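Hi everyone, thanks for making the time. I'd like to walk you through one model today, so let me put it up on the screen.

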Amino acid sequence: MTPPIGEIWVYLSASPLLGLTVTLLAYQAAHWLYVRSGQRPLANPVLIAVAMLATLLWLTGTAYETYFAGAQFVHFLLGPATVALAVPLYTQFKRVRSMLLPISAGLLAGSLTAIISAVLIARLFGADLATQASLAPKSVTTPIAMGIAEQIGGLPSLTAVLVIFTGVLGAIVGGRIFRLAGVSDPAICGFSLGVASHGIGTARAFQQDEQRGAFAALAMGLNGLLTALLLPVFAGWLIQ
Amino acid sequence: MLSALSLLLVCQLCGEVVVRWLALPVPGPVAGMLLLFLLLLLREGPGEELRTTSQNLLKHLSLLFVPAGTGIVVHLGRIGEQWLALLLSLLLSTVLTLLITAWVMQWCAGRKA
């Protein structure tokens, strides 16, 4: 006796196995497309995988919470992966030490630009307060950004989405922007990508070379710290 | 691989504890990254195992952002209403941040040289 397909679906949709499996499959497919396209930035694997999964959830009428019950195992690895960034950082430590002034100045300028420009542009085009507050920490890595958003009156889960799209955008436009701006030092390119686009920019930087990756990782960590300290201080004044 | 993974988790755990204990505005994993970095300075570098494990984990860093990104489905209503503000804010602010960070760094590096 084989049970009807509907019963199997009821079982599978309630177990974390399905959410986890489709996440890995969607990412593998997206990564395959990315490699096939010759690693074109526009074929960003996060963007494609998210589009596929969102369509799948919509077609099957699955709630995001149900999907996340499985996908949380992948999400959890963000923690250990963030810790692991210490290794490339250590490898590049000599170069980092020789660039302390440009790093501090670039960090401060970039961090403030990311926060203030995001909020002011959104306000100019009519975004409401919750949207502005959710956008403010958009250049910071997901776990930090969600914490800040909660503190300043944003919607943490919206912030997570905006953070990821910021990362994808930075990874897409980064190379072109640096060429236009006449910046070629891999340490500077990597660091700028990390300030503007956190972990996804870092992932893109690592695909190019280790030096870029390490500087992006450093920038991501530092910008996370700085934004967490700075933003709550002037959020009330900025977001109106 | 197993001992390297344990080390990463122990650092993260210590990071979480320190952050909560001192009420720091930093997430645990970032504190864990700083702890591991200090440990590497003390031990003068990562072993072969930690090096390969972290390389493997970071090779697919993008994958780890997919579950949170899929959360877009929860906010389609708000995004639909304010899509222009969101799109322009994300795009222009990201481009500005990239440009200003890179230029400030290049200017400072050039002055020193």
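His198(A) is buried, because 32 other C-beta atoms lie within 10 Å. The histidine sits in helix 12 of chain A, which covers residues 186–208. What caught my eye is the backbone: His198(A) is not a glycine, and yet its phi is positive, at about 40°. Please keep in mind that this is a predicted model.

There is a second residue of that kind, over in chain B. Glu44(B), also not a glycine, has a positive phi near 55°. Is Glu44(B) buried or exposed? Glu44(B) counts as exposed, because it has 7 C-beta neighbours inside 10 Å. Its place is the loop that links helix 2 and helix 3 of chain B.

Now let me step back to chain A. You are looking at 13 helices and zero strands. Its radius of gyration is 19 Å, which agrees with the value near 18 Å that a compact globule of 240 residues would have. Along the principal axes, the C-alpha trace of chain A spans about 70 × 40 × 30 Å. Of those 240 residues, 55% count as buried. As for contacts in chain A between residues at least 6 apart in sequence, 64% of them join residues at least 24 apart.

The domain assignment splits chain A into domain 1, residues 5–76, and domain 2, residues 82–238. Taken over C-alpha atoms, their centres are 26 Å apart. How many residues bring the two domains of chain A into contact? Six residues of domain 1 are in contact with seven of domain 2. On the domain 1 side, four of the residues are nonpolar, two are polar and none is charged.

On to the packing. The largest nonpolar core has 115 residues. Which members touch the most others? They are Ala49(A), Ala86(A), Ala136(A), Ile164(A) and Phe191(A). Helix 11 of chain A, residues 156–181, gives the most to this core, with 13 residues.

Let me zoom in on Ile164(A). Apart from its neighbours within four places in sequence, Ile164(A) is in contact with Val46(A) and Ile200(A) in its own chain, and with Phe65(B), Ala68(B) and Gly69(B) across in chain B.

That brings us to the interface between the chains. Here 63 residues of chain B are in contact with 88 residues of chain A. On the chain B side, at least two residues each come from helix 1 (2–22), helix 2 (28–43), helix 3 (48–59), helix 4 (66–69) and helix 6 (83–112). Helix 6 of chain B supplies the largest share, 25 residues. By class, the chain B side has 44 nonpolar, 16 polar and three charged residues.

One residue from helix 6 of chain B deserves a closer look, and that is Cys108(B). Why does Cys108(B) count as buried? Cys108(B) has 20 C-beta neighbours inside 10 Å, and 20 or more is the cut-off for a buried residue. Setting aside neighbours within four places in sequence, Cys108(B) is in contact with Leu101(A), Pro102(A) and Ala105(A).

Finally, the domains of chain B. The assignment gives domain 1 as residues 1–64 and domain 2 as residues 81–113. Over C-alpha atoms, 29 Å separate the two centres.

That's what I wanted to show you. Thanks for listening, and I'm happy to take questions.

How values were computed: Residues numbered from 1 in each chain as written. Chains lettered and ligands numbered in written order. Predicted model: local features only at pLDDT ≥ 70, side-chain atom pairs only at ≥ 80, totals over all residues. Domains from an automatic or database assignment. Helix = DSSP H or I, 4+ residues; strand = E, 2+ residues; numbered from the N terminus. Nonpolar A, V, L, I, M, F, W, Y, C, P; charged D, E, K, R; others polar. Rg over C-alpha atoms; globule rule 2.2 N^0.38 Å. Buried ≥ 20, exposed ≤ 12 C-beta atoms within 10 Å, placed from the backbone. Core = buried A, V, L, I, M, F, W, Y, C linked by C-beta atoms within 7 Å.
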